[in-house]
Amino acid sequence: IGGDPELEQKVIRQLRDVVRFVYIESGSDVRALLRGRFRDILHAVLGEHRKSELEKARALQAQFVRDLEKELLAPLSNRIAERLDDLFSDIREVDLVPSMPSIDQMLEGVTIQLKDSVPTALASKGTGVRGGVLVALLRYLAEQSRRSIVFAIEEPEAFLHPAAQEGMRHDIHELAKRDDCSVIVTTHSPYLVPSYPSSRVVSVSKDL
């Protein structure tokens with residue numbers, strides 16, 4: 001950028017505050033994607049559009065933990081406390097605290113199953129199918145997010161046959177339909193090169 005370094009850092013921080021950046025590496029799977037920055041963006045989008053549902057889920061979870069402690073663990077806690085009181089008079093109370101992941105942690109551990117002839121975990125499907133599911137997730141973000149998004153996707157055509165690559169090209173174009181949504185794609189496939197007037201194609205080569 002050049003100029004005042006302090007001002008430059010302020011501009012960069014502001015850019016990160018108003019624009020969401022999503023980087024997808026070639027061959028990424030959903031479980032890897034649901035961590036880190038993508039997870040934060042997904043949770044923010046869910047918080048924007050499903051706030052009441054998230055609050056209800058957290059309240060139900062908190063009530064479940066309270067019931068678990070009161071109905072199931074409290075009698076055991078009391079029995080242990082009574083026993084220890086005879087042995088160690090300085091111990092006044094015993095609490096058995098259940099280990100319960102947060103709602104955010106549960107979302108991070110989400111798995112996806114696809115059903116054709118039998119239900120199959122997404123991780124057991126081919127790279128092409130996994131890539132299609134990832135693009136579907138990205139389209140959800142693009143449609144629901146209230147902030148600008150920049151998607152950077154590395155070789156989304158990996159392991160897809162030509163017809164599926166053309167379908168992928170359409171999906172990626174749909175991602176970029178919003179004025180405040182940009183998509184940067186690297187590819188080796190001619191089937192993924194867009195022909196839309198709004199697209200910009202840059203060819204990169206190297207000398208041998």
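A salt bridge here means a side-chain nitrogen of Lys or Arg within 4 Å of a carboxyl oxygen of Asp or Glu. With that cut-off in hand, Lys177 and Glu174 qualify, because their closest N and O atoms are 3.2 Å apart. Keep in mind for every panel that this is a predicted model.

**Close-up 1. Lys177 reaches Glu174 in a salt bridge.** The two ends of this pair sit in different accessibility classes: Lys177 counts as exposed at 53% relative accessibility, while Glu174 is partly exposed at 21%. Glu174 has another partner too, since its side chain also meets that of Arg139 in a salt bridge, at 3.8 Å from N to O. That second contact runs between helices, with Glu174 in α7 and Arg139 in α6, so it ties together parts that are 35 residues apart in sequence.

**Close-up 2. Arg139 also pairs with Asp171.** Here the N to O distance is 3.1 Å. Asp171 belongs to helix α7 (residues 162-175) and Arg139 to helix α6, so this pair links parts 32 residues apart in sequence. Neither side chain is fully tucked away: Asp171 is partly exposed, with a relative accessible area of 24%, and Arg139 is partly exposed as well, at 23%. Side chains of opposite charge can pair when their charged atoms come close.

**Close-up 3. Four charged residues, one network.** Pull back a little and the shared partners join Arg139, Asp171, Glu174 and Lys177 together through their salt bridges. How many salt bridges does a search of the whole structure find? It finds three.

**Close-up 4. The largest nonpolar core holds 17 residues.** Which residues have the most contacts inside it? They are Val22, Ile24, Leu138, Leu141, Phe151, Ile153 and Leu175. Strands and helices both chip in: β1 (19-24), α3 (36-49), α6 (127-144) and β4 (148-154) are the elements that give two or more residues to this core. There is also a second, separate core of five residues, and among them are Val135, Leu160, Met168 and Leu192. In soluble globular proteins, nonpolar side chains tend to be buried together.

**Close-up 5. A nonpolar patch on the surface takes in Leu15, Val18 and Phe21.** Together these three residues have about 240 Å² of accessible area. Val18 lies in helix α1 (residues 5-18), and at 40% relative accessibility it counts as partly exposed. Not counting residues up to four places away in sequence, what does Val18 touch? Its contacts are Arg147 and Ser148. Glu155 makes a handy landmark for scale: Val18 and Glu155 are 137 residues apart in sequence, with 27 Å between their C-alpha atoms.

**Close-up 6. Gln61 sits in helix α4 (residues 51-87).** Is this glutamine, Gln61, buried or exposed? Gln61 is buried, with a relative accessible area of 17%, and that class applies because buried means under 20%. Leave aside its neighbours within four places in sequence, and Gln61 is in contact with Met100, Pro101, Ser102, Ile103 and Met106.

Key:
Residues are numbered from 1 along each chain as its sequence is written. This is a predicted model: local features need pLDDT of at least 70, side-chain atom pairs count only at pLDDT 80 or more; totals for chains, interfaces and linings use all residues. Side-chain values use heavy atoms; hydrogens and water are left out. Patches are made of residues with over 30% relative accessible area and no salt bridge: like charges are joined within 9 Å, nonpolar side chains (Val, Leu, Ile, Met, Phe, Trp, Tyr) within 5 Å. Accessible areas come from the Shrake-Rupley method with a 1.4 Å probe; for residues, only the protein chains shown count as cover. Helices (H or I, at least four residues) and strands (E, at least two) are DSSP runs, numbered from the N terminus. Buried means under 20% relative accessible area, exposed over 50%, partly exposed in between (1.4 Å probe, protein chains only). Contact means heavy atoms within 4.5 Å. A nonpolar core is a set of buried Ala, Val, Leu, Ile, Met, Phe, Trp, Tyr and Cys residues joined through side-chain atoms within 4.5 Å.
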